[in-house]
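I opened this structure to see how its strands pair, where its aromatic rings meet and what lies on its surface. My notes follow in the order I looked things up.

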Amino acid sequence: MCPYCILIHYEISEHCFDLIFAFDEIVALGYRENVNLAQIRTFTEMDSHEEKVFRAVRETQEREAKAEMRRKAKELQQARRDAERSGKKVPAFGGFGSAGMTSVSSGTIITDTIIEPEKPKITAAPVRPSGPSKALKLGAKGKEVDNFVDKLKSEGETIMPTTGKRGSDVSKVLPPPVNMESVHLRVEEKITLTCGRDGGLQNMEVLGMVTLRVTDDKYGRIRLIINNNDGKGLQLQTHPNVDKKLFTAESVIGLKNPEKSFPLNNDVGVLKWRLQTTDESLIPLTINCWPSESGTGCDVNIEYELQEENLELNDVVISIPVPSGVGAPVIGDLDGEYKHDSRRNILEWCLPVIDANNKTGSLEFSIAGQPNDFFPVSLSFVSKRNYCDIQVTKVTHVDDDSSIRFSSETSFVVDKYEIL
């Protein structure tokens, strides 16, 4: 197989789920959706906080695994040298099935080189040849692929990193799964926001969707009662197979043909909404960054204020760029915690929760630099309460309007939130 065929297969394998989700946006309930490429890209780029957490954990595990492999290789080489000096039997390290290798994922094995220890000498040791070693090397083919990928990167190609097996520690970080009923609903929102450092909202967009999943055929013919208390002026759009007249008159989502059922074991987006505004009063969380030049550099004061008091923001991280090569910032007053990433030159202000009880907070620090060095400021968070007040309050059967037990989950996450 030629190298470029390998690359095409590599890219398709890495994006298989993205392709499936894109086709799902085009075809739903057996009918072709009237969508364009821009809409498909918008709906398939829904961000996920859980995915970010998983990626961070995975990268940490890969680094730890590689460090463990290097340590084992050094121990093996040291043991071989000690055994040669003392004339003892060389201990067996590594190899397939060895206890020292059980904690390392297969994705890590192919990227490192391990040299098998030489067999113990039975008779007088002959003179060792000075030529290259013929010891077994694991992962040689993997290194050839890596070299090919590195060459493509040097030519300007964008290559996605490979992923190993998920570690057992991921489940300790990710939240427990939702207890799903036969009828399960997801209310998801993501926000894109850009503000100026001197004030003024340049753009704010909130995209939302209600997704339905039915796993029992006896609950296929149902209707969803929607409670829309939002007064921000958002635009609503129902699925093409949903009865729009029924939704407009009664805020009820049901199929145009009540004799048909929703598809089983398939996530179906039944309602979408979009809010786009430049009204500063609608900003959920305002951030003000005030750098002031001093004799030794800059004194920076950052403060936040929660304007949407019904929200509860979790895992909030406000990231401020800082100059490189000038040392760590000197922290003054602080609400919450902070982390200085000297490798990325980022100061992260971390707050576990922002709600009505701590709707304001501030951070002060000093560091050498100019005022422009501390922008853009970016924000990330996750919330179990949606920004636009739209909820599914009840699920009923089409025939007798009897209530049906259902489960639901709500998420409000950041796609992009910057102060330029």
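I began with strand β3 (residues 183-195) and strand β4, which pair in the antiparallel sense over 13 bridges. I keep in mind that this is a predicted model. To fix the register, I looked up Leu-185 and found that its bridge partner in β4 is Leu-212. Next I checked the turn: the hairpin of β3 and β4 has five residues between the strands, and Gly-199 there takes a positive phi near 100°.

I then asked which strand β4 also joins, and by how many bridges. Nine bridges join β4 to strand β8 (residues 268-277), and the two run antiparallel. Here I noted Val-206, whose bridge partner in β8 is Leu-275.

I wanted to know how many residues of β4 are buried. I found 11 of the 14 residues of β4 (residues 201-214) buried, so the strand is largely enclosed by the rest of the structure.

I turned to the aromatic rings. I listed five aromatic pairs in the structure. I took up Tyr-304 and Trp-349: their ring centres are 5.6 Å apart and their planes stand at 55°, so I entered the pair as tilted. For the label I needed the limits, since stacked is under 30 degrees and edge-to-face is over 60. I placed Tyr-304 in strand β10 (residues 297-306) and Trp-349 in strand β14 (residues 346-354), so this pair ties together parts that are 45 residues apart in sequence.

Are these two rings buried or exposed? Tyr-304 has 3% relative accessibility and counts as buried. Trp-349, at 0%, counts as buried too.

I also entered one aromatic cluster, formed by Phe-381, Tyr-387, Phe-412 and Tyr-417. Tyr-387 came up again when I looked for charges over rings: Lys-232 lies over its face, at 4.6 Å from the ring centre. In another such contact, I found the charged end of Arg-197 over the ring of Phe-375, 4.0 Å from its centre.

Last, I looked at the surface. I found a nonpolar patch there, formed by Ile-8, Ile-12, Leu-19 and Phe-23, with about 410 Å² of accessible area together. The elements that give two or more residues to this patch are α1 (3-14) and α2 (16-26). I checked one member, Leu-19, and placed it in helix α2. Leu-19 has a relative accessible area of 40%, so I noted this residue as partly exposed.

Notes:
Residues are numbered from 1 along each chain as its sequence is written. This is a predicted model: local features need pLDDT of at least 70, side-chain atom pairs count only at pLDDT 80 or more; totals for chains, interfaces and linings use all residues. Side-chain values use heavy atoms; hydrogens and water are left out. Rings of Phe, Tyr and Trp (its six-membered ring) pair if their centres lie within 6.5 Å; planes under 30 degrees apart count as stacked, over 60 as edge-to-face and the rest as tilted. Helices (H or I, at least four residues) and strands (E, at least two) are DSSP runs, numbered from the N terminus. Buried means under 20% relative accessible area, exposed over 50%, partly exposed in between (1.4 Å probe, protein chains only). A charge sits over a ring if NZ of Lys or CZ of Arg is within 6 Å of the ring centre and within 35 degrees of the ring normal. Two strands pair if DSSP finds at least two bridges between them. Patches are made of residues with over 30% relative accessible area and no salt bridge: like charges are joined within 9 Å, nonpolar side chains (Val, Leu, Ile, Met, Phe, Trp, Tyr) within 5 Å. Accessible areas come from the Shrake-Rupley method with a 1.4 Å probe; for residues, only the protein chains shown count as cover. A salt bridge is a side-chain nitrogen of Lys or Arg within 4 Å of a carboxyl oxygen of Asp or Glu.
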